[in-house]
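Hi everyone, thanks for coming. Today I'd like to walk you through one protein model, one piece at a time. Have a look at it first, and then we'll start with a question.

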Amino acid sequence: MLIDRSTSRADTPEDQAAPVRRPHDDAPDTAALFRRLAALEDGPDREAVRDELVTAWLPMAHRIAGRFRDRGESVEDLRQVAALGLVKAIDRFDPDRGAFESYAVPTITGEVKRHFRDRMWALRVPRRVQELRNKVRVARRELTQNPGSPEPSVAAIAAHTGLTEEEVNTGMEALDSFSTLSLDAEMSTGGDGYSLVDTLGASDSSYDVVVDRESAKEGLRRLPERERAILYMRFFEDMTQSRIADQLGISQMHVSRLISRSCARVRNEVLAERTNRRGGGPRPAAV
């Protein structure tokens with residue numbers, strides 16, 4: 001009996017056109033293990049099945065970690081993070097809702113991306129700024145994917161992402177802020193080379209003195225005349241408490257108490273005024 005192979009079921013047009021899915025070598029068939037895991041209560045047996053699943057799928061986690069190998073983090077650390085994502089995926093997977101690989105790949109990838117987002121910045125950056133950075137980075141790539149495309153403007157990126165131009169500027173600043181630059185970094189290659197720290201200004205303490213003096217003026221004006229005189233003699237004429245006491249005909253102890261009381265009163269009034277300003281309270285008129 002002759003068999004017409006051109007019409008056999010194995011060679012039908014439908015079968016010839018159907019793509020052959022080739023699973024990854026690191027995607028084992030563990031459906032039975034997941035069903036068994038779901039049926040077990042917490043205990044040694046469940047832990048053993050869970051460990052078996054982790055071992056079976058660990059090569060896949062390592063493959064995903066390898067995608068991020070050129071981003072400044074060691075491969076070993078990335079594998080540890082990916083393994084953590086794998087464990088989370090196994091614990092949360094419901095075998096009745098599809099294939100494990102479809103669930104695990106985005107879970108592990110997200111864990112690795114979170115590692116970069118939260119741990120790889122030299123300085124702690126708010127998550128909102130990190131998200132703006134990622135949106136701007138993706139938008140710039142999408143807007144310049146065609147050869148010869150110009151660098152997109154802030155307005156173009158804002159229109160593409162739905163962000164405001166201020167948010168785009170914040171994201172663009174964060175693009176260059178993933179790592180820090182040492183203050184000792186050389187800024188010039190010439191003979192008169194200088195470091196970054198040489199370009200930074202320094203705070204002038206005299207400004208603090210001016211601010212304190214202006215803040216204390218109003219409180220000093222409200223002191224009784226004798227107390228103002230005592231403070232003037234003590235702090236501006238540099239007189240000792242004994243000389244002040246002799247000049248006013250009072251005891252040195254009394255002078256000491258008046259100085260302490262006057263200073264505390266002025267200080268408390270200044271602090272109260274600053275608190276009111278920070279809290280939006282009424283601001284006293286300038287004198």
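Where is the place of Glu-73? Find the loop between α3, residues 44-66, and α4: Glu-73 sits there. With a relative accessibility of 15%, Glu-73 counts as buried, because the cut-off for buried is under 20%. Now look across to Phe-116: Glu-73 and Phe-116 are 43 residues apart in sequence, yet their C-alpha atoms are 8.6 Å apart in space.

Let me step back to the whole chain for a moment. Please keep in mind that this is a predicted model. How many helices and strands does the secondary structure come to? The protein chain has twelve helices and zero strands. Reading along the sequence, you meet α after α, with nothing else in the pattern.

The chain has 287 residues, and 27% of them count as buried. Its accessible surface comes to about 20500 Å², with 50% of that belonging to carbon and sulfur atoms. If you take the contacts between residues at least 6 apart in sequence, 51% of them join residues at least 24 apart.

Let's zoom in on helix α4, residues 75-92. Here is a little check you can do yourselves. At 1.5 Å a residue, the 18 residues of α4 should span 26 Å, and the C-alpha atoms at its ends are indeed 26 Å apart, so the two agree. Which residues of α4 are buried? They are Leu-78, Val-81, Ala-82, Ala-83, Gly-85, Leu-86, Ala-89 and Ile-90. As you look at that list, here is a helpful rule: an α-helix has 3.6 residues a turn, so residues three or four places apart point the same way.

Next, the aromatic rings. When we talk about a pair of aromatic rings, we describe it by the distance of the centres and the angle of the planes. How many aromatic pairs does a search of the whole structure find? The search finds six. One of them is formed by Phe-34 and Phe-93, and it is edge-to-face, at 4.9 Å centre to centre with 70 degrees between the planes. Phe-34 lies in helix α2, while Phe-93 lies in the loop between α4 and α5, so this pair ties together parts that are 59 residues apart in sequence. Both Phe-34 and Phe-93 are buried.

Phe-34 also forms an aromatic pair with Phe-100. This one is tilted, at 4.6 Å centre to centre and 35 degrees between the planes. Again the pair links distant parts of the chain, with Phe-34 in helix α2 and Phe-100 in helix α5, 66 residues apart. Is Phe-100 buried or exposed? Phe-100 counts as buried, because its relative accessibility is 5% and the cut-off is under 20%. For Phe-34, the relative accessible area is 3%, and Phe-34 is buried too. Put together, Phe-34, Trp-57, Phe-93, Phe-100 and Tyr-103 form one aromatic cluster.

Trp-57 leads us to another residue, Thr-30. You'll find Thr-30 in the loop between α1, residues 13-17, and α2, residues 31-39. Thr-30 is buried, with a relative accessible area of 6%. Its side chain joins that of Trp-57 through a polar contact of 2.9 Å. Leaving out residues up to four places away in sequence, Thr-30 touches Leu-53, Ala-56 and Trp-57.

Now let's move further along the chain, to Leu-220 in helix α9. Leu-220 counts as partly exposed, at 33% relative accessibility. Beyond its neighbours within four places in sequence, Leu-220 is in contact with Arg-228, Leu-231 and Val-266.

Helix α12, residues 252-278, is the place of Val-270. At 11% relative accessibility, Val-270 counts as buried. With neighbours within four places set aside, Val-270 is in contact with Ser-215 and Ala-216. The C-alpha atoms of Val-270 and Glu-218 are separated by 8.7 Å, and these residues are 52 apart along the chain.

Two last stops. The charged end of Arg-234 sits over the ring of Phe-235, 5.8 Å from the ring's centre. And in the loop between α10 and α11 you'll find Asp-238. Asp-238 has a phi near 55 degrees, a positive value in a residue other than glycine. At 60% relative accessibility, Asp-238 counts as exposed.

Thanks for listening!

Terms used:
Residues numbered from 1 in each chain as written. Predicted model: local features only at pLDDT ≥ 70, side-chain atom pairs only at ≥ 80, totals over all residues. Heavy atoms only, no water. Helix = DSSP H or I, 4+ residues; strand = E, 2+ residues; numbered from the N terminus. Buried < 20%, exposed > 50% of the residue type's maximum accessible area, 1.4 Å probe, protein only. Contact = heavy atoms within 4.5 Å. Areas by Shrake-Rupley, 256 points an atom, 1.4 Å probe, with all protein chains shown as cover. Polar contact = N/O pair within 3.5 Å; in protein donor to acceptor, adjacent residues only side chain to side chain. Expected span 1.5 Å × (residues − 1). Phe/Tyr/Trp six-rings, centres within 6.5 Å; stacked < 30°, edge-to-face > 60°. Lys NZ or Arg CZ within 6 Å of the ring centre and 35° of its normal.
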